[in-house]
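User: I've got a model open and would like to learn how to read it. Could you walk me through it feature by feature?

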Amino acid sequence: MPVTDTTMSAQMDRWICSFFFLLFYASSLPTLGNAKLLQELGPQEYFSSLQAGRASLAYFSHNVSPSAQAFLEQIENSVEALQDYGISVVKVNCPKEDVSRYCWKENALRKAYLFRGNILIREFPTDALFDVNSIVANVLFALLFNEVKYVETLVDLQNIENLLKGRSNMVFAYVPATGTAEHRAVMEAAFVYGTTHQFVLTTEATLMKEAGNDEPGSSAQLFFCHCQLATDPAQPCRRTPMKQALTMLNIHRHLKLMGAPLVTEVAEDPEKVSTVHLQLGLPLVFILSQKETYEADRRTAELVAWQLLGKAGVALLSRDVVDSNVLLRSNIALKTPDEGVPIKYLALEDTDEVITLVEDKSKFEQIQEDEDEEDEDEKENDNQDIQDDQVVEAVSRDRKQELPLEQILTLTEETFHTTMLEAARVVVMFYASWEAVSLAVQRSYVEVADHLKGTQGLLLSQVNCWDWPGVCTKENITQFPTIRIYEKGGRSLTYNGMLGTEELASFIILSQVSCPLKLATIDEAEDYLRGELPSELSSYHHTSILGVFSKATSVAKEAFVEAGNILSGHVTLGLYFEDDALALSRKYAVSPPALLLARSRDQSVEGIALSKQSAQDIVQMIRYELLDIFPEITVQNLPRYLQLRKPFLIMFSDGDISQMERKEMLKLAKGRPQQAFVTCWLNLKNTPVGHGILKAYFATLPSLPVLVWVSLHTAGQVFRFPPDQSVTEMNILSWLEKLKAGLEIPSSTLSEEDWKPPLPAYNFLQMMETTVPEFILHTSYSHGDTQEQQQPESSEEKATVREERPEESGVKAEKGQSPGRDLRGTAPRLAGREKRHSEL
Amino acid sequence: MAQAVWGTLLRLALCAGAVCTTSSTAFLYHDYCVIGAGPSGLQIAYFLQQAGRDYIVFERSHAPGSFFALYPRHRKLISINKQYTGKSNSEFNLRHDWNSLLSHDHRLLFRHYSHDFFPDADTMVRYLEDFASLLKLQVQYNTAIVHVTLDRDQQAWNGHHFILTDQSRQNYKCSSLLVATGTWVPNVVNFPGSEYVEGYETVSINPEDFAGQTVLILGRGNSAFETAENILGVTNFIHMVSRSRVRLSWATHYVGDLRAINNGLLDTYQLKSLDGLLEGDLEDLAIVKDKKGKLHITLRFYLENRNTSAGINSITLPQDELDNFATRAPYDRVIRCLGWKFDFSIYNRSLRLMPGKGNKKKYPQIKPSYESRGTRGLFVLGTASHSVDFRKSAGGFIHGFRYTTRAVHRLLENRHHGVPWPSTVYPVIQLTNSIIKRVNEASGLYQMFSVLADIILLRENATTFEYLEEYPVGVLAELETLTGRKAPNGLFVIIMEYGRNFSGADKDVFYYNRAVGEAQHAWQSNFLHPVIYYYKRLPTEREMRLRPPDWSLPRPDAIHHIVEDFLTDWTAPNAHILPLRRFLENCVGTDLRNFFAESCFLFAFTRQKLPPFCQQGYVRMQGLVGIKRLQRHAVDAGLLEDYTAADFTGDRLLGSPEGSQDQLLRDRAMPVSPLQHLVTAKDEL
């Protein structure tokens, strides 16, 4: 906005000049440019010099006493100011022996006298004239006794107001005290405008309060009361407060604006129009009018004008005189005082928008940007080129960190195939050196390599697909990164789990055991269920699953083996497919085909009949069975529970939850094995991001632990278990009943907002349009035939483009618009055009 | 007449049996017939062979690449053979290998054949021989096709068969004809005295034969300059005359224009070392030989009503009227180096294989799909197909047409064998990556800039997309029928372009500030850079037709330029990838950022919807956990909140607006972009 500022100040300068020019006339200018303005005269000389009608301020002194020195300085300082109003200032030197009226009194020396002609108007105690402001204010106040009425009560004010109604306007000012700068400003204004408007002054804060001003406070205020137009004696005059500080310039400006006609009628090129408002640096709003709707338009314009009084000018612009093409789409035009800025044509919906257009500067700017989107782009560029992708940014901040790649073999197109033969199992991470996610995973991979250092028959390697696209294409790598384990036998296994150090390491270890592991004897099977087989996994696996099949159930067995292939690396599966399978299964009270689950946390073995026959079903079933009843939710395991697509009953706890609560929750969870929600808990110590969840759910951090019901997949409502109730199965159940019945109020509702683009892109299309003309030329007819409706849009773009080039502003006439678009009735809804800025 | 009878007889013989094609012994049938075993003929043969198609290549010579056995006369190819690029990426390296054909065989890379940056033409011949033999391509040598005609048959692929006749009257019948004969008929001009002109084809290449001679060369192409370069040191002086001014390839970015390697004459001309360059219409020229055997240049105008045999003295020479006429000095030799044109003579009129218009008249008229405008099923490949991108891209040269040939093969596979254009389906989170990968390494896009483009077809809801490589953009409107892929949900076209108004015959391509460095000014990039066009629907044929001249595509709904790069390495996270991501995000209307698993976890609990990266990764148990150090970086960048460090007492929890998750969420509330506004506004209208 610096441009506007400078033009504003240029405007200011301009009218400051005119103001002084005005003052120049108002004062009679007795002396100009004298070296010493304070005249020193003897009493005789003084009184004989007094002219009728001329005011003078006199100070009588015998000799300069030190106490009067300060006062004298102030008097001298105000000589010039008073001279502007035709008031001369005289220091009268009383001879010692003089005992005339003004000289003799001892206290005369503490007073100053104001004369008009030779009539004494007022005598001022010198302590009332403490500085230039107070001198000028008091002197003018005394001289303008008739022009400026002083009121003390609301009744006085109303009386004056009533007298003025229908005759002249009133300027009502409140100053907290006389002799202040504000007081002086009001007086100076009254000196100029006193004959035009009735000035009323008060220092009574209570009066202001009674007059309906809530906070008069200590600041001075000025109102312009439009009494001349007031016709109803019962109604108070309409008032326009001055929003700016009470300075001479502001008052002048305000009065100028109040004096300007409410609505100007324009029947010429609006570019050439100049009104008081524009001269004073305010915008001018044109309301486009046509003959048919003149009356309504006029009323709209007045309505707008009243609301904009003092902020902008309003003019009624006849459509007839302006090139009609320009205007078909707009109903409002805005002319800013800035020179060289072409008029903006807008289509607004109601008068309020006009007000906001002017009043709300930011909004004003937005609309401007709508028309002139390049500005917007520039503004947004601030963020647009700042990285907002946490992974990309984290990786790029880490780029100088040297990775310890000693444990990882870097393969090339040439070495890839030979390396595959070098170890029983070769893990390959296919990545692209420019791709952030691969680089993030590479860092985990380095940690994995460190963990698995020295594992027999295992080789960790990587291929940069940016260097060796051939091998990556051949291996059918379509996503970065892809982690694949190649076994010597030619089998390969692609990792599809969490891209984290632990998960990957665990996968690499688990997947080295065949899945399912074929067990030959009942003893082996029992060892397996105890977690003793295979020995190399003892530190990794949690739950052993044993599929038991009789010879008669080989179809199910095949499906189980296939399921094993799918789950390889994620779970440990055993397979018992011997003649005595029946004996084994009977022990666990199931009949083949069946699954035996040995959970590591409790020693029991659970038998489940395998009713589903397809591999995919078995996979689903195993995955489901592996879910905990009352799990601690972590970042890593949440997706498994999310897949159930059920609401969560989750307890947030800072550290472990108490035995009692665990017991109750377990009871709740176990009580209904197939229930419709996930019962779980979250340890904020292990999963600190839980704080972020609580922060989103509650206005204040609830005391922990807190039990929350979240329906993640439907409605997204969050309910908090009443903190005053103890966490027991019964309480929770009855609370859940109330939830279902809709008797509880949700603490919050999860945002269902879509993940839209975080920021706009560079609008190259538009930038090209401004400079590559053939691009635009080919717009309209290339879209024209199939989508005729698009034409206005594209031609509007064309016009927008043109508008940006001031020298072409006259060409705006090209704005192609089908005539007949209803623009009638500009009041109060201004047009039917879509509300463009409302989207912002 | 005789021919017509012959044709009728043929047809009778043909359809006498139940199955015309097999019953006739007069015809040898193949699905695909390729004429010419030059680079493009062998290239299409390779693809047909790989696809297991029934094809044959006819070559009139005893070996492939017969053109290269003769030309260029001075044996130096002007196609670069770069040994080193500092990169191992084989696809990328093809960008700087202008001689190799495409194959799976690594032995068949030209750099294994020659270490010369500008290799010898004999090496090319050897290479082509190896290419044909190592890949066991079906080439029938010593078979000159002398006539091609059509045989209507409703059952045939294209409503007709092609009947080819060779020099020994053997007939061949083909369903599809692939013309890869190049341009080999020398361009000649006829003017009085043109009999004194020697042709480039036969002129001596021994510089000694030119010692002390004054030479005039007609033409201003690479062959003209190559000829001049060879004799520059031994002649008195060389003058070169042509209709238009010389076009320098480094100014036009067109490899067919004068290459710097041959431009020694420009040096000697501009340094006033006697050699010179002239412009003039060769049609107006006349040459008169004097008694001493010197050749004088005059104008056809002066000879009009005169008998040339009347002798030199009776003929007016320009210098008689204008005594400082530029070419008043007599020449010892005049050499014609005017290039070649396509051999139209063997095609029966019914094939309607017409010469192009204007400066493309040396090429047959074809569609941007390389199919003849006159005959369905006849495709023109290689140099002869250069009318599609003449003086624009590299389609007339090996490094360009090896890709357009592949494109033709893909079109044929779809049309005749129901094999749709190869494509890969990716989840939408790979959108940015798939583009970055291609623009950084793809050679076809790079060589055939503005002609071949990668196409991304968005699938419903924009959760996945299909990636098609190197499709000829000229036939974008017919994409669905030509590729067998569907494009109902909008598409991206990825193409490489030079800046508009940057390249040109009289442009200063070295002006200060010629390169753009900032991403936001990328659209003003001058050097070759990737451009991505976004269309909400496939452009229609009409829109394609009405696109601005010199634009390869009609006006898109949105466009993105990746800023030109000095190293042609478009992998910078902030300058290249970030703006691209923003563009793609705004086109597909979703957030394409990557998130660590922890962020996805938070979103899963606090939002009803998840960003695609979380949805397609984390929720499917493939979240990006990331190591601690990375998370710390993200926290430092303000893009991730550190919940461990903060002491979350009540107040703090509430009053930490600087939280990065907040920022992430706040970003969500950013106003609709102007781009999107543009797009949606159109929707509404």
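**Reading the core, the interface and the backbone**

Analyst: Sure. Leaving aside neighbours within four places in sequence, B:Val148 is in contact with B:Ile35, B:Phe162, B:Ile163, B:Leu164, B:Leu177, B:Ile346, B:Tyr347, B:Asn348 and B:Leu351. Keep in mind that this is a predicted model.

User: Which residues touch the most other members of the largest nonpolar core?

Analyst: That core has 102 residues, and the ones touching the most other members are B:Val148, B:Leu164, B:Leu476 and B:Val493. Another core, of 97 residues, lies apart from it, and includes A:Ile483, A:Leu537, A:Val678 and A:Val708.

User: Now the interface. How do I put a number on it?

Analyst: People often quote the accessible area that is lost when the parts come together. Here, about 10700 Å² is buried between chain A and chain B, with carbon and sulfur atoms giving 63% of that. As for who takes part, chain A brings 113 residues to the contact and chain B brings 112 residues.

User: How many salt bridges are there between chain A and chain B?

Analyst: The count is 7 salt bridges. One to look up is A:Lys695 with B:Glu641, where the closest N and O atoms are 3.5 Å apart. There are also 33 residue pairs in polar contact between the two chains, counting pairs with both residues at pLDDT 80 or more. On chain A, the side touching chain B divides into 51 nonpolar, 33 polar and 29 charged residues.

User: What about the backbone? Where should I look for cis peptide bonds?

Analyst: Check omega just before the prolines. From A:Cys515 to A:Pro516 the peptide bond is cis, with omega near 5 degrees. A:Pro516 sits in the loop between α20 (501-510) and β21 (517-519) of chain A. The bond from A:Leu704 to A:Pro705 is cis too, with omega near -5 degrees, and A:Pro705 is in the loop between α27 (690-697) and β28 (706-710) of chain A.

User: And phi? What is phi of B:Arg352, and is the residue buried or exposed?

Analyst: Phi of B:Arg352 is near 45 degrees, a positive value in a residue other than glycine. You'll find B:Arg352 in the loop between β15 (340-341) and β16 (378-380) of chain B. With a relative accessible area of 53%, B:Arg352 is exposed, because the cut-off for that is over 50%.

User: Any other residue to try this on?

Analyst: Try B:Ser450, with phi near 65 degrees, again positive in a residue other than glycine. B:Ser450 lies in the loop between α14 (443-447) and β18 (452-458) of chain B. At 24% relative accessibility, B:Ser450 counts as partly exposed.

Note on methods: Residues are numbered from 1 along each chain as its sequence is written. Chains are lettered from A and ligands numbered from 1 in the order in which they are written. This is a predicted model: local features need pLDDT of at least 70, side-chain atom pairs count only at pLDDT 80 or more; totals for chains, interfaces and linings use all residues. Side-chain values use heavy atoms; hydrogens and water are left out. A nonpolar core is a set of buried Ala, Val, Leu, Ile, Met, Phe, Trp, Tyr and Cys residues joined through side-chain atoms within 4.5 Å. Buried means under 20% relative accessible area, exposed over 50%, partly exposed in between (1.4 Å probe, protein chains only). Contact means heavy atoms within 4.5 Å. Buried area is the accessible area (1.4 Å probe) that two parts lose on being put together, summed over both. A salt bridge is a side-chain nitrogen of Lys or Arg within 4 Å of a carboxyl oxygen of Asp or Glu. A polar contact is a pair of N or O atoms within 3.5 Å; within protein, one must be able to donate a hydrogen and the other to accept it, and residues adjacent in sequence count only if both atoms are side-chain atoms. Ala, Val, Leu, Ile, Met, Phe, Trp, Tyr, Cys and Pro count as nonpolar, Asp, Glu, Lys and Arg as charged, and the others, Gly among them, as polar. Helices (H or I, at least four residues) and strands (E, at least two) are DSSP runs, numbered from the N terminus.
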